[in-house]
Amino acid sequence: QRIAPAQAMKGKAADDGNSKERRRFNPAITIISTMKSIKAWAAQDKNGLKDFMKAQLKVAIILFIANAGNKFEPAYPRNDNHAPTMFWIVNALLAIGTFFTWKWEASKVGRSGSGNPRIICLGREQTEEWKGWMQWAFIFYHYYRVYYVYNEIRVFVSAYVWMTGFGNFLYFDKKADFSIERFVSMIIRINYFPLLLSFFLTVPLELYYVVPLHTTGFVVTMITCWIGYKFETACGMGYWKSRTMAVALSLFGHIIFYETPAVNFLLLFSKEYHFRFQADKYSAWLGMASGLLWGKLGDYMQWAHGYENDQRRRIVSIVQFCGGFGLIAFWYGLFGSIQDKYTYNPVHPYVFIFAVVGWLMIRNCTRYLTECHSTLLEFLGRHTLETYVLQFHLFMTHNVQYIPAVIPGSGADGSAVLKFLNMLLCGSVFLTTAVFARRVTVATQVSVVDLVKNITGTMDTSMTQVVPQQSTERKDSEHESEETIELTKAESGENGFNSTKVLD
């Protein structure tokens with residue numbers, strides 16, 4: 001029997017009312033459901049309560065080691081360890097290690113399995129390599145008090161924050177994964193271990209100021225990408241228009257905050273945060289803008305270093321190298337050579353990008369260089385968060401203000417040989433602990449994310465992927481990002497976060 005339209009509408013309205021009634025929040029049901037989810041998580045054989053508690057026991061061991069290292073005696077003031085020659089010697093040793101761990105892997109074809117191999121600029125291995133040698137230079141800049149490379153170190157710091165915006169923009173733009181799982185995963189990865197160190201060692205968190213700096217960069221990037229995604233899916237904008245508007249709105253927000261008295265809000269936390277956040281006020285945003293243009297850069301790399309024209313490839317390589325060298329020389333000649341850091345710091349947020357772009361142009365000026373990386377530097381780059389926070393308590397001591405003298409005779413007036421051996425001994429303990437800390441942090445991260453998945457009911461889905469309707473311009477932008485997106489996959493012991501590695 002056919003139901004009259006009015007009756008059908010009435011029935012539909014009744015069903016809608018019942019659905020709304022069912023969807024109404026019920027605290028008792030929510031609590032019961034949450035407890036069941038926690039119980040299910042606790043019973044998991046892998047990444048459940050058992051693995052979580054094991055990780056916390058290991059964290060306790062690391063905190064004990066860090067606390068003992070931070071109070072170690074004898075030790076002498078770090079300023080008495082001013083040794084620029086040793087700084088360059090250890091960097092020369094790193095260069096030798098880089099040479100012997102240089103690895104080449106030919107470019108691969110795209111996922112279609114056909115056509116010429118794709119030339120990837122700044123792939124995951126190269127990014128980890130970049131972070132590795134910058135972290136090495138940064139730590140030994142602290143250790144040997146090489147004051148005259150201060151401006152270069154500032155660029156390295158900003159390059160890290162640039163990667164926060166860059167890597168996370170590529171991830172969110174590609175995956176449209178704005179889930180609570182992703183948010184919790186990143187917050188734990190960046191903050192969990194530093195917060196524990198700060199609390200148990202009674203160290204002000206501003207000592208690890210890059211942690212809140214990168215956390216803020218991640219959150220701002222996630223919000224920016226979500227706005228762009230909504231512009232496309234809810235407002236019907238095209239890919240480029242939606243993303244450009246989102247990035248432009250983000251820039252406007254940065255300007256309103258950092259270029260007005262609103263920035264003094266940071267003084268409520270500390271003068272240190274007020275300075276540090278302003279030093280990198282546009283770094284993450286520039287990373288987002290670079291991520292937006294990365295697909296176009298991929299097209300250029302394919303044209304410049306592809307397989308179609310050998311003569312063009314040679315010419316472009318030379319021009320690209322000279323252009324990159326020119327950008328670095330421009331930065332150094334006008335800004336980097338300024339000896340007074342108080343004169344340089346105010347202009348740094350606006351000019352560091354010249355050195356960063358110049359380096360990327362040189363590092364990827366030939367197809368061969370895009371296909372190579374150092375496994376040693378890649379290893380160091382995977383552990384930059386842990387080496388950053390632990391350097392203050394194990395490689396150096398008393399919150400980075402002193403140098404531990406473990407070997408007798410390696411004090412401030414000791415022989416250069418004994419001091420070098422002492423550095424190697426402390427460095428071995430420091431790096432080993434950092435590797436251990438990363439594994440424990442990742443184990444904690446994965447366990448907590450599984451708990452969140454149980455509670456939210458997404459345990460059987462690895463990721464929320466609601467990708468907007470594909471358009472021609474969007475496909476163009478994604479063409480080169482498929483490999484680069486590996487930079488920002490959730491760190492499960494196999495892949496690393498691009499966002500959250502750090503410097504002073």
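Let's start with Thr101, which sits in the loop between α4 (84–100) and β2 (102–104). Keep in mind that everything I show today comes from a predicted model. Thr101 is partly exposed, with a relative accessible area of 22%. The cut-off for buried is under 20%, so at 22% Thr101 does not count as buried.

Which residues does Thr101 touch, once we leave aside its neighbours within four places in sequence? The answer is His373, Ser374, Thr375 and Leu376. Take Leu376: along the chain, 275 residues separate it from Thr101, yet their C-alpha atoms are 6.0 Å apart.

Now let's hop over to one of those partners, Ser374. This residue belongs to strand β3, residues 372–374. Is Ser374 buried or exposed? Ser374 is buried, because its relative accessibility is 0%. Skipping the neighbours within four places again, Ser374 is in contact with Thr98, Thr101, Trp102 and Glu129. So we meet Thr101 again, this time from the other side. Ser374 also pairs up with Gln126 in a C-alpha to C-alpha check: they are 8.1 Å apart in space and 248 residues apart in sequence.

One more pair of that kind. Lys50 is in helix α3, and at 47% relative accessible area Lys50 is partly exposed. Its C-alpha lies 9.3 Å from that of Ser447, with the two positions 397 residues apart in sequence.

Let's step back to the whole chain. How many helices and strands are there? The chain has 20 helices and four strands. It has 504 residues, and buried ones make up 51% of them. Remember those pairs that sit far apart in sequence? Among contacts with a separation of 6 or more, 80% are between residues 24 or more positions apart. As for the outside, the chain exposes about 23,900 Å², and carbon and sulfur atoms supply 65% of that.

Next, a pair of helices. People describe two packed helices by the angle between their axes and the distance between those axes. Here, helix α11 (residues 283–305) packs against helix α12 (residues 310–336) at an angle of about 125°, and the axes are 7 Å apart. That angle makes α11 oblique to α12. Who does the touching? From α11 we have Tyr300, Trp303, Ala304 and His305, and they meet Arg312, Arg313, Val316, Ser317 and Gln320 from α12. Sort the residues of that contact by type and you get four nonpolar, three polar and two charged.

Let's look at a single helix too. Helix α14 covers residues 348–363, which is 16 residues. From its first C-alpha to its last it reaches 22 Å, close to the 22 Å expected at 1.5 Å a residue. Which residues of α14 are buried? They are His348, Pro349, Val351, Phe352, Ile353, Ala355, Val356, Gly358, Leu360, Ile362 and Arg363. While you look at that list, here's a handy bit of background: an α-helix has 3.6 residues a turn, so residues three or four places apart point the same way.

Last topic: backbone oddities. Most residues other than glycine have a negative phi, and most peptide bonds are trans. Let me show you some exceptions.

The peptide bond joining Glu73 and Pro74 is cis, with omega about 5°. You can find Pro74 in the loop between α3 (49–70) and β1 (75–77).

Then there's Thr202. Its phi is near 50°, a positive value in a residue other than glycine. Thr202 is in the loop between α7 (180–200) and α8 (210–233). Thr202 is exposed, because its relative accessible area is 67%.

And finally Asn399, which has a phi near 55°, again positive in a residue other than glycine. Where is Asn399? It lies in the loop between α17 (384–395) and β4 (402–404). Asn399 has 23% relative accessibility, so it counts as partly exposed.

How values were computed:
Residues are numbered from 1 along each chain as its sequence is written. This is a predicted model: local features need pLDDT of at least 70, side-chain atom pairs count only at pLDDT 80 or more; totals for chains, interfaces and linings use all residues. Side-chain values use heavy atoms; hydrogens and water are left out. Helices (H or I, at least four residues) and strands (E, at least two) are DSSP runs, numbered from the N terminus. Buried means under 20% relative accessible area, exposed over 50%, partly exposed in between (1.4 Å probe, protein chains only). Contact means heavy atoms within 4.5 Å. Accessible areas come from the Shrake-Rupley method with a 1.4 Å probe; for residues, only the protein chains shown count as cover. Axes are lines fitted to C-alpha atoms, for helices over the stretch in contact, and angles run from 0 to 180 degrees between N-to-C directions. Angles under 35 degrees count as roughly parallel, over 145 as roughly antiparallel, 65 to 115 as roughly perpendicular and the rest as oblique. Ala, Val, Leu, Ile, Met, Phe, Trp, Tyr, Cys and Pro count as nonpolar, Asp, Glu, Lys and Arg as charged, and the others, Gly among them, as polar. The expected span of a helix is 1.5 Å times one less than its number of residues.
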